Amino acid sequence: MSIWPEERLRALADDGFETVDMTINVGPQHPATHGVFRMVLTVDGEKVVDCEPYIGYLHRGLEKLTENHDYRQSMGWWDRTDYLAGMACEMAYCMAVEKLGNIAVPRRAEYIRVMMVELSRILSHFMFLGAFGADVGSFGTSFIYAWRERERIYDFFEEVAGDRMFPTYFRPGGVQMDLPDNYQDRVRWLLGSIRQGLEDFDGLLVGNEIFVERCRGLSPVTPEQAIAWGLTGPCLRATGYRFDLRKDEPYSVYPELKFDIPTGTTGDVFDRFMVRMAEVWQSTLIVEQCLDALSQMEGELVLNPDLPKTLRIDSGECYVRTEGTKGEYGVYALARGGNKPYRMKLRSPSFCNLSALREMVIGTYVADAIIILGSLDIVLGEVDK
């Protein structure tokens, strides 16, 4: 992999003038890259003719760390992958360990997990809405709108788990502890705030003609292209392809919950934005149903009481995939006895979605390349692992 293009490309432009392509380095420390990510754009005037992404700045060795720690000790590594939705990552890891060890999960714990995961999805999508608004030009206001909802959700997470961003709340076999006594009132108030936040974003961005004109028709993707590039999650559904693991390969208590799968029509940047807006609304409906179900299970167990203090799994192999906030979040696990996995791998949706960036930005303007990158909603902790 080159650090910098060795020579500039020289060609005749349409008007007959000899031009020299220029390289623009964006990142790894840049507001538009949403983390430590670098891309080198080759431009002809304002048009992007090539893009070379560089990743790995945030690599921490997640998989090897997991292979060298007890099954429970590794919990803390996983919510640091998609650090905007840590509980969604914890759930996928726990499901893989539970499948390996054939571990049962109490029903109340399943509902608590789904509720916390959907609140994480809402939080992650709000951060996308705020950051993307800034990418398009609404710097400041959209971020403040997003931060307001994020902090309210984090306040609840702190009340439940004792931590905000990295709660480490899930455990193989359930969750660490039951919800606080006032959780019904707290979460229902939170849902009202979230829905108001959605309306605020709708007025601020969707009602803004400049925002819509900047995004509509930009970087359209067909379902065939999305599948060939390995896109999943909102980026895939924006193309009109209806695929969501919560519906297509249902797990936990999702089969018992009613919700829709929003899709787009053209797969452009605007559709990617609108699909996430609609998903926030659907997640609030899921959380409401979880609250109703939990009210009928007060006092029931939230952690499997039959598990030993040291969890040992003889042998086995599995691949578990969940619908993460960015797409298919998959965990491969292999056990050969002992208290730690022999092999552990992560299928990162942000990594796969980012691999399509080059194809998506070539032929667009430099300013639009920033918006296209933002519409992918990557999180570098998950890309680099």
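User: Which residues does Ser142 touch, not counting residues up to four places away in sequence?
Analyst: Good place to start, and keep in mind that this is a predicted model. Ser142 sits in helix α5, which covers residues 141–161. Leaving out residues up to four places away in sequence, Ser142 touches Leu129, Gly130, Gly133, Ala134, Phe201 and Leu204.

User: Is Ser142 buried or exposed?
Analyst: A residue counts as buried when its relative accessible area is under 20%. Ser142 has 0% relative accessibility, so it is buried.

User: How far apart are the end C-alpha atoms of helix α4, and what span should its residues give?
Analyst: Helix α4 runs over residues 107–136, which is 30 residues. At 1.5 Å a residue, the helix should span 44 Å. The end C-alpha atoms agree with that, as they are 43 Å apart.

User: How many residues of α4 are buried, and how many does α4 give to the largest nonpolar core?
Analyst: Let's take the covering first: α4 is mostly covered, with 29 of its 30 residues buried. The largest nonpolar core has 116 residues, and Met115, Met116 and Leu119 are among those with the most contacts inside it. The largest share of this core comes from α4, at 16 residues. In soluble globular proteins, nonpolar side chains tend to be buried together. To put the two values side by side, 29 residues of α4 are buried, and its share of the core is 16.

User: Which residue just after α4 takes a positive phi?
Analyst: Look right past the end of the helix. The phi there is about 135 degrees, and the residue is Gly137.

User: In what order do the three strands of the open sheet lie, and which are the edge strands?
Analyst: The pairing in this sheet is antiparallel, and the order is β3-β4-β5. An edge strand pairs on one side only, and that fits β3 (22–26) and β5 (47–54). The twist averages 20 degrees from one strand to the next. So that you have the names together, the edge strands are β3 and β5.

User: What is the bridge partner of Val40 in β5?
Analyst: Strand β4 takes in residues 38–44 and pairs with β5 in the antiparallel sense over seven bridges. In β5, the partner of Val40 is Glu52.

User: Which helix lies across β3, β4 and β5?
Analyst: Nice follow-up to the sheet! The helix covers residues 366–376 and runs at about 150 degrees to β4. Its name is α14.

Key. Residues are numbered from 1 along each chain as its sequence is written. This is a predicted model: local features need pLDDT of at least 70, side-chain atom pairs count only at pLDDT 80 or more; totals for chains, interfaces and linings use all residues. Side-chain values use heavy atoms; hydrogens and water are left out. Helices (H or I, at least four residues) and strands (E, at least two) are DSSP runs, numbered from the N terminus. The expected span of a helix is 1.5 Å times one less than its number of residues. Buried means under 20% relative accessible area, exposed over 50%, partly exposed in between (1.4 Å probe, protein chains only). Two strands pair if DSSP finds at least two bridges between them. Axes are lines fitted to C-alpha atoms, for helices over the stretch in contact, and angles run from 0 to 180 degrees between N-to-C directions. Contact means heavy atoms within 4.5 Å. A nonpolar core is a set of buried Ala, Val, Leu, Ile, Met, Phe, Trp, Tyr and Cys residues joined through side-chain atoms within 4.5 Å.
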